[in-house]
Amino acid sequence: MRGNRVLAAFAALNGAVAVGLGAFAAHGAGPAVKTLLTTGAHYQLAHALLALVCALWATGGRLGTAAGWLAATGGLVFALALSSIGLLGLAFMGAVAPIGGVLMIAAWLLLAVAAFRPTAPSV
């Protein structure tokens, strides 16, 4: 259960960062940066929620936990890459964003596999 607590905490922190990023996009970012930050915040928040669900999914097992870590990490990498492009002008981070995307896709696929795995009978 300890791994699930760490994942839940990481997901919660990811959610907080996503809300802060979205708020900055809405209230402090210029028009050229707003779209990048908003997109990053949306994906990060959605995948923070997915990670939290995986952390709380009692019968998800190792695959469910792994899906959660992939989701949270992928969302964070994607959002940070877009933020780096928009806020710091680091165009090369455009090559990093797809890594986050691949991690997020892998999370969803692994979650689907975990959902179809048989679970041990409850006692």
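Residues count as partly exposed when their relative accessible area falls between the buried class, under 20%, and the exposed class, over 50%. T39 fits this middle class, because its relative accessible area is 29%. This residue of the predicted model sits in helix 2, and helix 2 is a convenient place from which to tour the structure.

Let us start with the overall fold. The protein chain holds four helices and zero strands, and reading along the sequence gives the pattern α-α-α-α. Its C-alpha atoms fill a box of roughly 55 × 25 × 20 Å along the principal axes. Of the 123 residues in the protein chain, 37% are buried.

The packing of the helices comes next. Two packed helices are described by the angle between their axes and the distance between the axes. For helix 2 (residues 31–56) and helix 3 (residues 61–88), the axes come within 8 Å and cross at roughly 170 degrees. The pair is therefore roughly antiparallel, since an angle over 145 degrees earns that description. Helix 2 passes helix 3 in a left-handed crossing.

A similar description can be given for helix 3 and helix 4. Here the axes come within 7 Å, with a crossing angle of roughly 160 degrees. That angle makes helix 3 roughly antiparallel to helix 4, and the crossing of these two helices is left-handed.

What remains is the pairing of helix 2 with helix 4 (residues 97–116), whose axes come within 12 Å and cross at roughly 30 degrees. Helix 2 is therefore roughly parallel to helix 4, as angles under 35 degrees are classed that way. Helix 2 passes helix 4 in a left-handed crossing.

Turning to the surface, a nonpolar patch is formed by V19, L45, L49, L52 and L56, which together have about 450 Å² of accessible area. Helix 2 gives the most to this nonpolar patch, with four residues. One of the patch members, L52, lies in helix 2 and has a relative accessibility of 32%, so L52 counts as partly exposed. Another member, V19, has its place in helix 1 (residues 2–27). V19 is exposed, because its relative accessible area is 53% and the exposed class begins over 50%. Although V19 and L45 are 26 residues apart along the chain, their C-alpha atoms are separated by 7.3 Å. Both residues belong to the nonpolar patch, so readers viewing the model may like to find them together.

Two further residues of helix 2 can be related to positions elsewhere in the chain. T39, the partly exposed residue of the opening paragraph, is 21 residues from A18 in sequence, and the two are 10 Å apart in space, C-alpha to C-alpha. H42 also lies in helix 2. With a relative accessible area of 55%, H42 is exposed. H42 and A25 are 17 residues apart along the chain, and their C-alpha atoms are separated by 11 Å.

Taken together, helix 2 is roughly antiparallel to helix 3 and roughly parallel to helix 4, while also giving four residues to the nonpolar patch.

Key. Residues numbered from 1 in each chain as written. Predicted model: local features only at pLDDT ≥ 70, side-chain atom pairs only at ≥ 80, totals over all residues. Heavy atoms only, no water. Patch = residues over 30% accessible without salt bridge, like charges linked within 9 Å, V, L, I, M, F, W, Y side chains within 5 Å. Areas by Shrake-Rupley, 256 points an atom, 1.4 Å probe, with all protein chains shown as cover. Salt bridge = Lys/Arg side-chain N within 4 Å of Asp/Glu carboxyl O. Buried < 20%, exposed > 50% of the residue type's maximum accessible area, 1.4 Å probe, protein only. Axes fitted to C-alpha atoms, helices over the stretch in contact; angles between N-to-C directions. Parallel < 35°, antiparallel > 145°, perpendicular 65-115°, else oblique. Left-handed = near helix turned anticlockwise from the far one by under 90°.
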